[in-house]
Amino acid sequence: MVAAALHLELVFSRPETTLSVTRGAARLLVDMGYAPLLEVCLPNGRRADVMALGSKGDIVICEVKSGIDDYRVDRKWQEYGPFCDAFYFAVAPEFPDGVLPDEPGLIVADGFGGAVVRDAPATPLAPARRKALTLAFARLGALRAMRE
């Protein structure tokens, strides 16, 4: 076989990509000093892919996007802002540049870890909302630990 005739097409499975990016984003958050939980239901009925609590009580949410189609059909990301101090998109390394909006933070991740490409703007939560979210986060983490 001639090398010029060899054609490789990379196909990424969306569920595998989602799992990989989620795992890498969570590992990055741990490295940054956060305690992450996956698939956290919010008071507005939305589900955060990754929600993390920092040592000072700050809350970060990461919305994982497995590809362009995932981003284009899912416009609920703006509904996460009222429930976190910082919001990030988390995408795979092969996600194309220039598709996501500039406002949220951006994490590029794979199954082994990730990197913050763009910091998220800080939007501090109101104290009462922070307390309610922190208590709900702690209860969810404790209940999940009991199931293991």
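## Strands, cysteines and a pocket

E1 and E2 run antiparallel and are joined by 6 bridges. (Strands here are DSSP runs of E with at least two residues, helices are runs of H or I with at least four, and both are numbered from the N terminus; two strands pair if DSSP finds at least two bridges between them.) The model is predicted, so local features need pLDDT of at least 70 and side-chain atom pairs pLDDT 80 or more, while totals for chains, interfaces and linings use all residues. Residues are numbered from 1 along each chain as its sequence is written, and side-chain values use heavy atoms, with hydrogens and water left out.

**Exercise 1.** Follow E2 and work out how it pairs with E1 and E3.

*Solution.*
- Start on the E1 side: alanine 35 sits opposite leucine 53 of E2.
- Look at the link: the hairpin of E1 and E2 has 5 residues between the strands, and glycine 45 in it takes a positive phi near 90 degrees.
- Now turn to E3: E2 pairs with E3 over 4 bridges, in the antiparallel sense. Here alanine 52 faces valine 60 in E3.
- The hairpin of E2 and E3 also has 5 residues between the strands, with glycine 57 at a positive phi near 90 degrees.
- Finally, check the cover: 6 of the 7 residues of E2 are buried (under 20% relative accessible area; exposed is over 50%, partly exposed in between; 1.4 Å probe, protein chains only).

**Exercise 2.** Find out why cysteine 84 has no bond to cysteine 62.

*Solution.*
- Search first: the whole structure holds 0 disulfides (pairs of cysteine sulfur atoms within 2.5 Å).
- Then check the distance: the closest cysteine sulfur to that of cysteine 84 is in cysteine 62, 9.1 Å away, so it is too far for a bond.
- Add the surroundings: cysteine 62 is buried at a relative accessible area of 0%, and cysteine 84 is buried at 1%.

**Exercise 3.** Describe the largest pocket and its lining.

*Solution.*
- Take the volume: the largest pocket holds about 180 Å³ of space. (On a 1 Å grid over the protein atoms alone, a pocket is an open set of points with protein on both sides within 12 Å along at least five of seven lines, and lining residues have an atom within 4 Å of a point; points join across faces, edges and corners, and the volume is the space filled by probe spheres set on them.)
- Look at its centre: of the 14 lining residues, Thr18, Thr22, Glu39, Arg47 and Asp49 are the closest.
- Name the elements: H1 (14-31), E1 (35-41), E2 (47-53) and E3 (59-65) each give two or more residues to the lining.
- Sort the lining: 4 residues are nonpolar (Ala, Val, Leu, Ile, Met, Phe, Trp, Tyr, Cys, Pro), 8 charged (Asp, Glu, Lys, Arg) and 2 polar (the others, Gly among them).

Key
On a 1 Å grid over the protein atoms alone, a cavity is a set of points where a 1.4 Å probe fits but cannot get out, and a pocket is an open set with protein on both sides within 12 Å along at least five of seven lines; lining residues have an atom within 4 Å of a point.
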